[in-house]
Amino acid sequence: MLTVLGNFRRTHYCGEINENNIDQSVRLVGWVDTVRNHGGVVFIDLRDRSGIVQVVVEELKNPEAYEIADKVKPEYVIAVEGKVRRRPEGTENPKLPTGFVEVVADKVLLLNTAHQPLPFQIEDEIKVNEEVRLRYRYLDLRRRPMLNNLLLRHKTYQVVRNFLTDEGFIEVETPLLTKSTPEGARDFIVPSRLHPGKFYALPQSPQLFKQILMVAGLDKYFQIAKCLRDEDLRADRQPEFTQIDLEMSFVGREDVMNLTERLVKEVFKQVAGIEIDYPLPIYSYEEVMSKYGSDKPDLRIREDVITPLIELTDIFKNTQFKVFKNVVDKGGIIKAVVVKGGAKTLSRQKIDELTKFVQKLGAKGLAWIRVDEDKLTSPITKFFSKEEIENLLNRCNAQVGDIIFFQADSDRESVYKVLDALRRRLADELKAREEGFKFLWVVDFPLLEWDKEEERFVSVHHPFTMPREEDLLQIDRALNTEDIEERKEILKGVKSLAYDMVLNGEEIGGGSIRIHRTDIQEKIFKLLGIGAVEAEEKFGFLLEALKYGAPPHGGFAFGLDRLLAIMVGVDSIREVIAFPKTQKGICPLTNAPDYVDPKQLKEVHCEVERREEE
RNA sequence: GGAGCGGUAGUUCAGCCCCGUCAGAACGCCGGCCUGUCAAGCCGGAGGUCGCGGGUUCAAAUCCCGUCCGCUCCGCCA
């Protein structure tokens with residue numbers, strides 16, 4: 001029954017067949033989508049990447065073809081030769097683009113079978129464990145939504161390449177086998193066979209190379225680059241992911257921001273047919289933190305339902321309420337979020353759930369006040385003075401029916417984290433998000449922050465980020481004191497020329513103007529606690545490059561997977577990656593990672609501590 | 001490293017709380033019938049070490065302990 005393709009060549013894709021092909025003889029190949037066998041007449045929906053067309057095989061008219069058609073099952077691979085005709089009146093299927101015609105088969109060739117039953121049915125909407133989908137990804141990708149995602153991704157590559165090429169950018173590939181650098185994420189490492197005991201690292205990003213390309217005078221570089229980071233995974237994080245990476249010389253922050261927002265605008269227009277508001281609004285880091293508690297706020301959240309964070313610390317600076325008083329005394333902050341109409345939409349039970357939710361995030365509790373018609377209902381108002389209550393209600397602009405949620409903590413980061421999470425959670429529950437795509441820029445990030453665990457300063461962006469020009473003197477001041485507290489105080493005010501692009505509450509890209517002078521770079525390394533010897537060892541090549549006429553430069557990198565996921569409207573970047581890994585970093589299709597032959601280990605001069613399954 | 005949810009036919013799930021005709025449903029699959037379907041229909045059938053290991057018990061999918069895997073989140077991710 002099985003046959004070979006031989007000289008059979010397709011004349012059309014299935015989805016292309018339409019009324020214009022009526023009476024034409026066509027040759028099609030593809031997969032059996034569904035079979036409807038009526039005994040004597042078989043309808044086969046034949047599918048290829050372009051779509052589906054109905055093939056009809058009648059026993060009386062064509063017994064040979066019928067014999068094969070009678071046996072086909074879903075996902076069998078067949079070739080069909082036949083004539084296109086208009087479907088008999090009343091049998092058209094308006095749901096299919098090809099639904100007004102059908103192909104009457106003269107010949108049906110069976111090219112391959114498919115094991116039955118399939119691990120899952122090939123349908124647009126499926127409810128299947130993701131592990132199964134990944135194991136049989138070739139079947140999963142036959143599904144129209146997945147194919148569409150790949151097509152969109154493909155289109156995005158084209159738009160990006162065209163746009164950046166038109167803007168004068170040069171696409172350059174940078175190495176995958178490179179050098180491990182401190183700072184940042186954990187590296188994936190690759191043992192060297194030729195150099196016992198030495199390792200390559202897979203790049204976390206092409207950062208250093210693109211800067212060096214600027215020193216080389218490329219002026220404008222881009223790459224659609226794979227980046228690899230050995231950190232724990234999330235819905236929006238894979239161990240390998242793709243960045244649209246670019247770098248430009250002789251530019252300031254505004255130039256890079258302008259270029260990248262025009263790029264993203266072009267991508268949305270060309271790929272999704274969506275016009276985005278432009279230019280994008282710009283917020284300072286301080287602004288988004290105090291207003292939303294997040295450096296990647298979701299501006300879709302309706303502020304007429306869930307307010308931004310409201311500052312209350314000053315109102316309670318002399319309060320009798322010990323919990324708040326302690327926080328104020330320790331230099332902490334008190335902030336609130338008001339849920340307009342929350343009295344109706346949030347039950348006591350729901351508030352209890354929210355309390356548990358924030359406690360898991362490290363909150364001590366979730367104080368609240370409900371504004372009822374004639375009184376306030378709350379576990380805490382009894383501790384407040386009349387004046388405090390009045391000020392509070394005024395500040396919150398609280399109306400009857402509102403609920404106010406509080407966070408007070410000596411650690412302001414905790415207040416931010418909790419209220420941000422609370423706002424997102426409330427937005428989910430109350431369906432209080434506007435449709436669409438809400439972009440913003442976040443700028444003026446601090447250059448450095450104090451890492452309590454490591455007891456040193458670390459870069460907020462990365463160590464090659466240029467401080468604002470007006471802050472350069474402050475860096476010298478900081479270096480002139482050994483007093484850590486004083487340093488912290490000085491560095492608090494030092495901002496970087498970094499910028500993040502945020503879309504719908506996710507960071508979709510970021511960049512900065514880089515340090516192009518050795519003297520400044522060395523100072524930053526010093527502040528980071530990277531000694532001269534280590535700096536030389538780890539970044540010597542960059543420092544050296546900066547000595548040979550490095551131009552002022554800056555750049556940007558988009559998280560392509562995140563951008564696509566949001567554009568497509570899926571919850572996980574795995575949906576826009578052909579072969580993603582599970583949360584434990586496993587590829588269920590290939591079963592990577594896996595043990596290797598001891599011989600291979602020996603060749604690369606490695607020994608494994610212990611092998612558990614043997 | 002931590003928290004939550006989940007793991008029972010090919011798939012999605014019910015059963016689990018209170019151990020005992022609870023091993024079930026739907027879709028899929030297999031066989032048969034059927035000449036206009038497109039979620040085809042009708043009749044019949046097969047299919048499960050209840051993730052894995054241990055324990056408690058007369059008896060475990062069900063209770064306990066451990067472990068693995070999937071998803072979501074915290075830490076981490078410059």
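Q: What makes up the count of helices and strands in chain A?
A: Chain A of this predicted model holds 18 helices and 22 strands. Each is a DSSP run numbered from the N terminus: H or I over at least four residues for a helix, E over at least two for a strand. Residues are numbered from 1 along each chain as its sequence is written, and chains are lettered from A and ligands numbered from 1 in the order in which they are written. As the model is predicted, local features need pLDDT of at least 70 and side-chain atom pairs count only at pLDDT 80 or more, while totals for chains, interfaces and linings use all residues, and side-chain values use heavy atoms, with hydrogens and water left out.

Q: Why is Glu-102 called buried?
A: Its relative accessibility is 3%. Buried means under 20% relative accessible area, exposed over 50% and partly exposed in between, with a 1.4 Å probe and protein chains only, so Glu-102 counts as buried. Glu-102 sits in strand β5, residues 101-112.

Q: What makes the pair Glu-102 and Gln-54 a polar contact?
A: Their side chains are joined at 3.1 Å. The definition asks for a pair of N or O atoms within 3.5 Å; within protein, one must be able to donate a hydrogen and the other to accept it, and residues adjacent in sequence count only if both atoms are side-chain atoms. The 3.1 Å pair therefore qualifies. Glu-102 also has an N or O side-chain atom 2.5 Å from a base nitrogen of RNA strand B.

Q: Which other parts of RNA strand B have polar partners in the backbone of Leu-118 and Asn-129?
A: A sugar or linking oxygen is 3.3 Å from a polar backbone atom of Leu-118, and a phosphate oxygen is 2.4 Å from a polar backbone atom of Asn-129.

Q: What makes a residue count as near RNA strand B?
A: One of its heavy atoms must lie within 4 Å of the strand. There are 51 residues around RNA strand B, and Leu-60, Thr-91, Lys-127, His-461 and His-462 come nearest. Sugar and phosphate account for 55% of the RNA atoms that come within 4 Å of the protein. The residues of this surface divide into 15 nonpolar, 17 polar and 19 charged; here Ala, Val, Leu, Ile, Met, Phe, Trp, Tyr, Cys and Pro are nonpolar, Asp, Glu, Lys and Arg charged, and the others, Gly among them, polar.

Q: How do you know that helix α17 is largely enclosed?
A: Eight of the nine residues in α17 (residues 560-568) are buried, so the rest of the structure largely encloses this helix. Among them are Leu-560, Asp-561 and Arg-562. Gly-569 follows α17, with a positive phi near 85°.

Q: Why is Phe-250 called exposed, and why is His-605 called partly exposed?
A: Phe-250 has a relative accessible area of 62%, which is over the 50% bound, so it is exposed. His-605 has 40%, which falls between the two bounds, so it is partly exposed. Phe-250 lies in the loop between β10 (240-249) and α6 (253-272), and its phi is positive, near 55°. His-605 belongs to the segment after α18, and has a positive phi near 60°.

Q: Where are the cis peptide bonds that precede Pro-117 and Pro-593?
A: One joins Gln-116 and Pro-117, with omega about -5°, and Pro-117 is in the loop between β5 and α2. Another joins Ala-592 and Pro-593, with omega about -5°, and Pro-593 is in the loop between α17 and α18 (598-603).
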